Amino acid sequence: ITSASQNVIQLVTELGNIFHYDMYKTTITGPDTIPYYQTSADWRNYTVRISATTGTSVPIYFSLYANGSSVEFDGISNPAWVHTDANGEYTVRIKSTHAAGETFTLYVTVESLVVQKRITQEPA
């Protein structure tokens, strides 16, 4: 881990060949539970923060997915790719309309790294 909190993987073979890979540091912040969606006040914000690796400029492109039966994103529908702002952040608003409640997972995929956050939607 570098001083900038970046993960760096380096593999050195017996012959001296070096493989170097910088990994993105990714976090998802937001509440662990959301209410049953009834009004626009029931949307919840989740901020995805992706720290750029050495030599990578922002914005950073990533994919976003939630596996709930009634989960919706604000303003986008099943986005294949979205990108961060100049600070490496992206905020998505989520709601769920499953009256009995459900648990779902928000997935963020940056290259080969997958970060997830489990969210429980409270019953109506």
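In the predicted model, strands E6 and E10 are joined by 4 bridges and run in the antiparallel sense. Within this pairing, leucine 64 has valine 108 of E10 as its bridge partner. On E6 a further pairing is found, with E8, through 2 bridges and again antiparallel; here phenylalanine 62 stands opposite valine 82 of E8. These pairings belong to an open sheet of 5 strands, arranged in the order E4-E11-E10-E6-E8, with mixed pairing. Strand E4 (33-34) and strand E8 (82-83) each have a single partner strand and stand at the edges, so one side of each lacks a neighbour in the sheet. The partner of E4 is strand E11 (residues 113-121), with which E4 pairs in the parallel sense over 2 bridges. Threonine 33 has threonine 120 in E11 as its bridge partner.

Another pairing involves strands E3 and E5, which are antiparallel and share 5 bridges. In this case threonine 27 is matched with arginine 49 in E5. Strand E3 (residues 25-29) has two contrasting faces: Thr26 and Ile28 form the covered face, whereas Lys25, Thr27 and Thr29 form the uncovered one.

The largest nonpolar core comprises 22 residues, and those with the most contacts inside it are Tyr46, Phe62, Leu64, Ile94 and Leu106. Two or more residues are given to this core by each of strand E5 (44-51), strand E6 (61-66), strand E7 (71-73), strand E9 (89-96), strand E10 (102-110) and E11. The greatest contribution comes from E10, with 4 residues.

Aromatic side chains were examined next. The structure contains 3 aromatic pairs. One of them is formed by phenylalanine 62 and tyrosine 90 in an edge-to-face arrangement, with 5.7 Å from centre to centre and 80° between the planes. This pair links distant parts of the chain, as phenylalanine 62 lies in strand E6 and tyrosine 90 in strand E9, 28 residues apart. Both phenylalanine 62 and tyrosine 90 are buried. Tyrosine 65 and tyrosine 107 form a stacked aromatic pair, with a centre-to-centre distance of 6.0 Å and an angle of 25° between the planes. Because tyrosine 65 is located in strand E6 and tyrosine 107 in strand E10, this pair ties together parts that are 42 residues apart in sequence. Tyrosine 65 is partly exposed, its relative accessible area being 45%; tyrosine 107 is also partly exposed, with a value of 25%. A ring is involved in another kind of arrangement at tyrosine 37, where the charged end of lysine 95 sits over the ring, 3.8 Å from its centre.

Glutamine 121 is a polar residue of strand E11 and has a relative accessibility of 1%, so glutamine 121 counts as buried, the limit being under 20%. The side chain of glutamine 121 makes a polar contact of 3.5 Å with the side chain of serine 96. In addition, a polar atom of the glutamine 121 side chain lies 3.2 Å from the backbone oxygen of histidine 98. When residues up to four places away in sequence are not counted, glutamine 121 touches Ile34, Pro35, Tyr36, Ser96, His98, Gly101, Glu102 and Phe104. Serine 96 and histidine 98 thus appear both in this list and in the polar interactions of the glutamine 121 side chain.

Definitions and conventions
Residues are numbered from 1 along each chain as its sequence is written. This is a predicted model: local features need pLDDT of at least 70, side-chain atom pairs count only at pLDDT 80 or more; totals for chains, interfaces and linings use all residues. Side-chain values use heavy atoms; hydrogens and water are left out. Two strands pair if DSSP finds at least two bridges between them. A nonpolar core is a set of buried Ala, Val, Leu, Ile, Met, Phe, Trp, Tyr and Cys residues joined through side-chain atoms within 4.5 Å. Buried means under 20% relative accessible area, exposed over 50%, partly exposed in between (1.4 Å probe, protein chains only). Rings of Phe, Tyr and Trp (its six-membered ring) pair if their centres lie within 6.5 Å; planes under 30 degrees apart count as stacked, over 60 as edge-to-face and the rest as tilted. A charge sits over a ring if NZ of Lys or CZ of Arg is within 6 Å of the ring centre and within 35 degrees of the ring normal. A polar contact is a pair of N or O atoms within 3.5 Å; within protein, one must be able to donate a hydrogen and the other to accept it, and residues adjacent in sequence count only if both atoms are side-chain atoms. Contact means heavy atoms within 4.5 Å.
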